[in-house]
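Subject: Structure handover

Hi,

Here is the structure I promised to pass on. Please open it first; my notes on the sheet and the aromatic residues follow.

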Amino acid sequence: MLLVYSPIIETVNDHLYFSPFMTAQKDIYSSPYYKEPGPALDKESPFESMMERFRFAARVLELDEGMFQYLSNPVKSVIVSIPIIMDNGQIRVFEGIRVVHDNVLGPSKGGLRFTPNVTMEEVKALAAWMTWKCAVVNVPFGGAKGAIRCNPKELSIRELEQLTRRYTAEMIEVIGPDRDIPAPDMNTNEQVMAWIMDTYSMHSRRTENAVVTGKPVILGGSKGRHEATGRGVVTVTLATLNKLGIMPNKCRVVIQGFGNVGSVTARLLYEQGVKIIGISDVTGGYYHPEGIDIDDALQYIRDNGGTLENYDKAQVITNDELLLLECDVLIPAALQDQISRNNASKVKCKAIVEGANGPITASADDILDKMDILVIPDILANAGGVTVSYFEWVQDRHGYFWTEDRVNRRLNRMMRDAFHQLYDVKEKYDITLRQAAYVYAIRKVSETLRIRGIYA
Ligand code: NAD
C-alpha cells in the first residue's frame, strides 16, 4: 500500500491510504478524484480552476491515483497566531498562514502576502501554482505560499515590522534557505523581506540572506529582480508574436494593471516598438487607438501619487471595457478572475498573456480555446519573477553577485526555452498551452517523486 502521509502542523490534510502507484493503472477515470467538478463545485474559484487544470493533465499523463493524491495535497499547511502590541498599547492577534504544496524538486518557494480576506483555500491554490510554475521554467524549487490576514493600510510601519518578525519567528521551523524561501507578494516588499531575513538570521546566529528573495540589493538581493516578472512577460509575448507571425511594430497590446508587472511590461514592449493602445489601474482604463506614450504615462504616475487617475492623454473607459478592446495581445496584469464565463466570449484579441496569477477562470479557458485565442498561462508568463528569485538564491549561496546584464540574458534564455518546450508539448498532444504547461510540470514533479520514492 502506498501511504501518503501529510505532516500536519495545524490541520488540513488527513492521512490517506491508496493502491500501489507503481502498478498498472486501474480504473482511474472512475475514481472520485478524477471526476469533473459538478455543479456543487465552483469552477470559477481559483482553487477549483487550478484543480480542474491539474485533473486534466493527470488524465493526459494517466497519473495513477496515489500520485494524483500526493500532488493534490499540500505537504504542509501551517496556521499561526501572531500577537502584537499595537501603537495604542493594546494586544491584537493576527492569523498567519504558510502552505508548502510540494518540495520534491528542491526547497519550496513562494510569496508572502498581507491581505484582509485571504483564505486557506486561496493560499493552497497559490502554493500549488508555485510548484507548477517552478517546474515549468526548470528552477529546482517546490511551491509554497504564505499570508498574514491583515489590512496593511491600517498598520503603522512599527506594527508591520512586529507582525513580520513574529510571523517569521513562528515559522522558524518551516522556512529556511534549504527548506522554504519566501518572497514579496501582494502588499509586501523588500523591507518586509529584510525584516524576515534579519529575524531568521538572529535566530540562527549567522547572516542567512538566502532565506528570502526579493531583498534589497544591499542585503544580497539580485539586480534585475524588480523588473523580472515584466521582463519575462515581454519575452513570452515576443515569442508569441513570432508564432503568430506578427511583427512587434505592427502589434497592438492592451494591458490591465499598471503596477510592477503591468508597467514594466508596458515600458519594455513600448521600447520594442509595440503599440500599447490600452492601459489601466484601479482608477479605470485609458484607451488611445494610436497608442499611448508609455514614458509619459510612467512620468504621470510618478507625479500623481502612483495612479493614472485623471490621465487625460487617452480616452477614459472602464476596466470591463478595457478587457474587450480589439487588439492583438491582451495582458491582464492586475487581479485574478478577470476573464470569466461572463465576458470571455466578448474579448477581441489573438492572444492573452497572463501577467497576473489566475486572471482567466477554467470555464473561460474553454470558451477562449473554441475562439482560437492563444493563452500564455500564468505559470509560464509570469515566472520571470521566480526565475530571478532563483538567481538571487544562487548568488546568495555563492556569495558572488552577477551584473544586471547577465541576470537579464539568463532570464530571457530560460523564459524562451520554457516557452518553446511547452509549445512542443502543446503540439505533441494537440492541447492548449496551459494544458501543456500542467502536463509538463506534473510529469516533471511526478517523475522526480517516483525516482526519489516515498520515505517511510
Ligand atoms: P501591483 O500591486 O504592483 O500592481 C497591481 C496593479 O493592478 C495596480 O496598477 C493596481 O492599480 C491595479 N489594479 C488593482 N485593482 C484593479 C482593478 N480592479 N482593475 C484594474 N486594475 C487594478 O501588483 P503586481 O506586482 O504588478 O502584481 C500584479 C499581478 O501579477 C498579481 O496577480 C500578482 O500576483 C502577479 N504576479 C506578480 C509578480 C511580481 O513579481 N510582482 C510575480 C508573479 C505574479
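In strand 12, V329 is the bridge partner of V253. Keep in mind that this is a predicted model.

That bridge belongs to a wider pairing. Strand 8 (residues 252–256) and strand 12 (residues 329–332) run parallel and are joined by four bridges. Helix 6 (residues 225–244) packs on the sheet. Helix 6 touches strand 12, strand 13 (351–353) and strand 14, and its direction makes about 165° with that of strand 13.

Now the whole sheet. It is open, with seven strands in the order 11-10-9-8-12-13-14 and mixed pairing. Strand 11 (315–317) and strand 14 (374–376) stand at the edges. Each has a single partner strand, so one side of each lacks a neighbour in the sheet. From one strand to the next, the twist averages 20°.

Next, the aromatics. The count comes to 10 aromatic pairs. One of them is F391 with W402, a tilted pair at 5.1 Å centre to centre, with 45° between the planes. F391 is in helix 12 (residues 384–398). W402 is in the loop between helix 12 and helix 13 (404–429), 11 residues apart from F391. F391 has 3% relative accessibility, so it counts as buried. W402 also counts as buried, at 11%.

Ring pairs link F391 and W402 with F141, Y390 and W393 into a cluster.

Two charges to look at as well. The charged end of R410 sits over the ring of W402, 4.5 Å from its centre. K426 lies over the face of Y423, at 5.7 Å from the ring centre.

Best wishes

Technical notes
Residues numbered from 1 in each chain as written. Predicted model: local features only at pLDDT ≥ 70, side-chain atom pairs only at ≥ 80, totals over all residues. Heavy atoms only, no water. Pairing = 2+ DSSP bridges. Helix = DSSP H or I, 4+ residues; strand = E, 2+ residues; numbered from the N terminus. Axes fitted to C-alpha atoms, helices over the stretch in contact; angles between N-to-C directions. Contact = heavy atoms within 4.5 Å. Phe/Tyr/Trp six-rings, centres within 6.5 Å; stacked < 30°, edge-to-face > 60°. Buried < 20%, exposed > 50% of the residue type's maximum accessible area, 1.4 Å probe, protein only. Lys NZ or Arg CZ within 6 Å of the ring centre and 35° of its normal.
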